[in-house]
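Reader: I should like to go through this model with you and ask, at each step, on what grounds a term is applied. Please show the sequence and the structure before we begin.

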Amino acid sequence: MTSTRLVHDVGVRAIEWLHAHREGFRLEPDADPETGFLQRFKPVGELALICAVLFREGVAGSREAALARQLLDHAWRNTLDGGRMLVRGQRVEPISPVPFEVYLPFRELGYRQPEMEAAARLNHALRSTEAFAMTPTRRLGLSAFQRRFGLPARPPEAELVDRTWLGRTPEPWTVEGHIAYDVTHTVFHLTDWGERPEGLPPRLAGYLATWLPAWIDDWLDLRRWDLLGELLVVDACLPHPTLDTRAWEGFAAAQQPDGAMPAVRTMPEGEPEDVFDIVYHPTLVAAFASVLATSRALSRLTGDAAREQEPA
């Protein structure tokens, strides 16, 4: 079985690096809206999602939890200007789901912006919102977020599962990078980022239990750490996680002493802002995978101990 300490330490170091480089979570207010004003919102939303998982699972130490809260406070107050930048982003691109997707995890963690709330409800009522072109997996994620916000999912998540790649359980050897990311996010959305493993339909859980180990081996050998990290999260979302020792040891060995996780093979070189933009995501994923895998490993140990104490 994978060392719980090894898995947990990956997350601790990842959070330490993210905290030390928190200024990298920045916006570009003067960017041309036609060329991507909203692009830099994505890292902030991902940060909030992962920190929410860290608080939810309750396996972080006091220092790790404190750093995560400081990261969130910094992102909300400094990067998003108390949510006002999200309101601005929604005005720039009224039908884009990005501001809403970034806002929801902050809202669930206690950060509120009334104008953003009103915009979310208004946009949800527009036919244009439902007509907005998205991949099936992205649409599934938006429907899940609508449900969590308290809005009717449009369309309901159950109608979307079979439209995703994973929902059709295709030939497993056809998986490549883009498809694999689609698979991981389908699992994230169906399980509410690991909170509800039972949200993954049994037929999909069975398909993943069969083929995920082979995919993990492939991307470990390729040293694609970002994708490997997401696949390790998927493993932790299954009814019976493998917590693969070889994969976790390779993943932990790829992490830098300061906590950064390269996306592919080794750390990139360049200006600090450029390096941050390349490695922030695999480092966030490392924290995500660590928290869920640690939680599952501890649950397994607790269950084993309880069974040992049962009378014969």
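Reader: Which element of the protein has the lowest mean pLDDT, and which the highest?

Author: This is a predicted model, and among its elements α13 has the lowest mean pLDDT, 86, while helix α11 (residues 225-237) has the highest, 98. Over the protein the pLDDT averages 92, and 94% of the residues score at least 70. Where pLDDT is low, the predicted coordinates should not be read in detail.

Reader: Why is Tyr207 called buried?

Author: Its relative accessible area is 9%. Buried means under 20%, so Tyr207 meets the criterion with its 9%. Tyr207 belongs to helix α10 (residues 202-221).

Reader: What is Tyr207 in contact with, once its neighbours within four places in sequence are left aside?

Author: Tyr207 is then in contact with Trp165, Leu166, Thr169, Pro170, Glu171, Pro172 and Trp215. Contact requires heavy atoms within 4.5 Å. For one of these partners, Pro170, the separation from Tyr207 is 37 residues in sequence and 9.6 Å in space, C-alpha to C-alpha.

Reader: What makes a set of residues a nonpolar core, and which residues have the most contacts inside the largest one?

Author: The members must be buried residues of the nonpolar kinds listed for a core, joined through side-chain atoms within 4.5 Å. The largest such core here has 99 residues, and those with the most contacts inside it are Phe41, Leu80, Phe106, Leu208, Trp215 and Phe251. Helix α13 (residues 272-309) supplies the largest share of this core, 13 residues. Phe251, when neighbours within four places in sequence are left aside, is in contact with Val10, Trp225, Leu228, Gly229, Leu232, Met261 and Ala286.

Reader: What volume does the largest pocket have, and which residues lie nearest its centre?

Author: The volume of the largest pocket is about 830 Å³. Its lining comprises 29 residues, and Lys42, Glu46, Arg138, His185 and Trp193 lie nearest the centre. Two or more lining residues come from each of α2 (41-57), α5 (98-108), α8 (136-149), α9 (177-190), α11 and α13. The most come from α9, which gives six. By class, this lining holds 13 nonpolar, nine polar and seven charged residues.

Reader: Trp193 was named in that lining. Is Trp193 to be called buried or exposed, and on what grounds?

Author: The relative accessibility of Trp193 is 10%. The limit for buried is under 20%, and therefore Trp193 counts as buried. Trp193 is placed in the loop between α9 and α10. Trp193 also has a positive phi, about 60 degrees, although it is not a glycine.

Reader: Where is Arg223 found, and why is it called partly exposed?

Author: Arg223 is in the loop between α10 and α11. Its relative accessible area is 38%. Buried ends at 20% and exposed begins over 50%, so Arg223, at 38%, is partly exposed. Its phi is near 60 degrees, a positive value in a residue other than glycine.

Reader: Which residues line the second largest pocket?

Author: They are Trp17, His21, Glu23, Gly24, Arg26, Met267, Pro272, Glu273, Val275 and Phe276. The space in this second largest pocket is about 170 Å³. Four of its lining residues come from α13, which gives the most. The classes are five nonpolar, two polar and three charged.

Reader: What distinguishes a cavity from a pocket, and how many cavities of 30 Å³ or more are found?

Author: In a cavity the probe fits but cannot get out, whereas a pocket is open. The search of the whole structure finds one cavity of 30 Å³ or more. The largest cavity holds about 120 Å³ of space. It is lined by 13 residues, with Pro97, Phe100, Asn123, Thr129 and Leu142 closest to its centre. The largest share of this lining, three residues, comes from α6. The lining of the largest cavity has seven nonpolar residues, six polar and no charged.

Reader: Why is His124 called buried?

Author: With a relative accessible area of 10%, His124 falls under the 20% limit and is therefore buried. His124 lies in helix α6. Apart from neighbours within four places in sequence, His124 is in contact with Thr129, Gln146, Leu151, Pro152 and Arg154.

Reader: What kind of peptide bond joins Arg154 and Pro155?

Author: The bond is cis, with omega about -10 degrees. Pro155 lies in the loop between α8 and α9.

Conventions. Residues numbered from 1 in each chain as written. Predicted model: local features only at pLDDT ≥ 70, side-chain atom pairs only at ≥ 80, totals over all residues. Heavy atoms only, no water. Buried < 20%, exposed > 50% of the residue type's maximum accessible area, 1.4 Å probe, protein only. pLDDT = per-residue confidence, 0-100. 1 Å grid on protein atoms, 1.4 Å probe; cavity = no way out; pocket = protein on both sides within 12 Å on 5 of 7 lines; lining within 4 Å. Points joined across faces, edges and corners; volume = space filled by probe spheres on them. Nonpolar A, V, L, I, M, F, W, Y, C, P; charged D, E, K, R; others polar.
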